[in-house]
Amino acid sequence: MVKKPAFWLLALCAALLSASASASGLPPANPALAEKVQALPEADLIVYSPEQARHHVTVFTDVNCPFCRRLHTQMDDYLLFDIEIRYAAFPNINNALEQMHGVWCSEDRKAAMTKAKRNEIVKVEGCRSEAVNDQLEIALVHRFLGTPAIVTPRGRVLYGHVTAEQLIEVLELEAATP
């Protein structure tokens, strides 16, 4: 049985922690991560861009991740909100490393990504993409917890399935926050 003073002390600690986490309700910004992600050459990413992008995110994805697959099937929704999706590789489930090397080595990487996310095998014999290795290293160094790991321009990381509506709210709030 929890005594009342202990309960109130725990409640006070929880309130102080949540108040200090972020006044905006956003995950904390990580300028070092933002810098590394922004430095990734666009040629090393798989980019889905609307006609006029107002925002962009870099999504560290795994072709075998069910939440990543769901995000991919809803690509048109993100584009409707003028959000550019820049895929980076974070292979961590089953044969994802081999598959993602195949995707990045393909002539049509967007078609290969869609194929791989449908659980179809993508192979390009004798090819290993340095881009996949570099992107995986960023994910490991920054200890990403899973996929998709959606990195905002300020280095905030959102995990799991985030709808287009939720993502645009975060990006608009981030843009309005100094």
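**Exercise 1. Work out how far strand β2 is enclosed, and say why.**

Step 1. Of the 7 residues of β2, 6 are buried, so the strand is largely enclosed by the rest of the structure. Here buried means under 20% relative accessible area, exposed over 50%, and partly exposed in between (1.4 Å probe, protein chains only). Helices (H or I, at least four residues) and strands (E, at least two) are DSSP runs, numbered from the N terminus.

Step 2. A word on the model before we go on. It is a predicted model, in which local features need pLDDT of at least 70 and side-chain atom pairs count only at pLDDT 80 or more, while totals for chains, interfaces and linings use all residues. Residues are numbered from 1 along each chain as its sequence is written, and side-chain values use heavy atoms, with hydrogens and water left out.

Step 3. For the wider setting, 44% of the 178 residues of the protein count as buried. The protein has 8 helices and 5 strands, running α-α-β-β-α-α-β-α-α-α-β-β-α from the N terminus on.

**Exercise 2. Place β2 in its sheet and find which strands it is joined to.**

Step 1. The sheet is open and mixed, with its 5 strands in the order β1-β3-β2-β4-β5. Two strands pair if DSSP finds at least two bridges between them.

Step 2. Look at the edges: β1 (46-48) and β5 (157-159) each have a single partner strand, so one side of each is left without a neighbour in the sheet. On average, neighbouring strands are turned by 25° against each other, direction ignored. Axes are lines fitted to C-alpha atoms, for helices over the stretch in contact, and angles run from 0 to 180 degrees between N-to-C directions.

Step 3. Now take the β3 side. Strands β2 (residues 55-61) and β3 (residues 83-89) run parallel and are joined by 7 bridges. His 55 stands opposite Ile 83, and Val 57 opposite Ile 85.

Step 4. Helix α7 (residues 130-141) packs on the sheet and touches both β2 and β3; contact means heavy atoms within 4.5 Å. The direction of α7 makes about 95° with that of β3.

Step 5. Turn to the β4 side. Here 3 bridges join β2 to β4 (residues 149-151), and the two strands run antiparallel. Phe 60 has Ala 149 of β4 as its bridge partner.

**Exercise 3. Describe the surroundings of Asp 62.**

Step 1. Asp 62 lies in the loop between β2 and α3 (66-73).

Step 2. Check its charge partners. Asp 62 is buried yet has no salt bridge, and the nearest side chain of opposite charge, Arg 69, is 6.8 Å away. A salt bridge is a side-chain nitrogen of Lys or Arg within 4 Å of a carboxyl oxygen of Asp or Glu; Lys and Arg count as positive and Asp and Glu as negative, with His and the chain ends not counted.

Step 3. Look for polar atoms. A polar atom of the Asp 62 side chain lies 2.6 Å from the backbone nitrogen of Asn 92.

Step 4. Leaving aside neighbours within four places in sequence, the contacts of Asp 62 include Phe 90, Asn 92, Lys 117 and Thr 147.

**Exercise 4. Find backbone features in the loop between α7 and β4.**

Step 1. Recall that most residues other than glycine have a negative phi, and most peptide bonds are trans.

Step 2. Pro 148 lies in this loop, and the peptide bond from Thr 147 to Pro 148 is cis, with omega near -10°.

Step 3. Arg 143 is in the loop between α7 and β4 too. Its phi is positive, about 50°, although Arg 143 is not a glycine. Arg 143 is exposed, with a relative accessible area of 68%.

Note on methods. A polar contact is a pair of N or O atoms within 3.5 Å; within protein, one must be able to donate a hydrogen and the other to accept it, and residues adjacent in sequence count only if both atoms are side-chain atoms.
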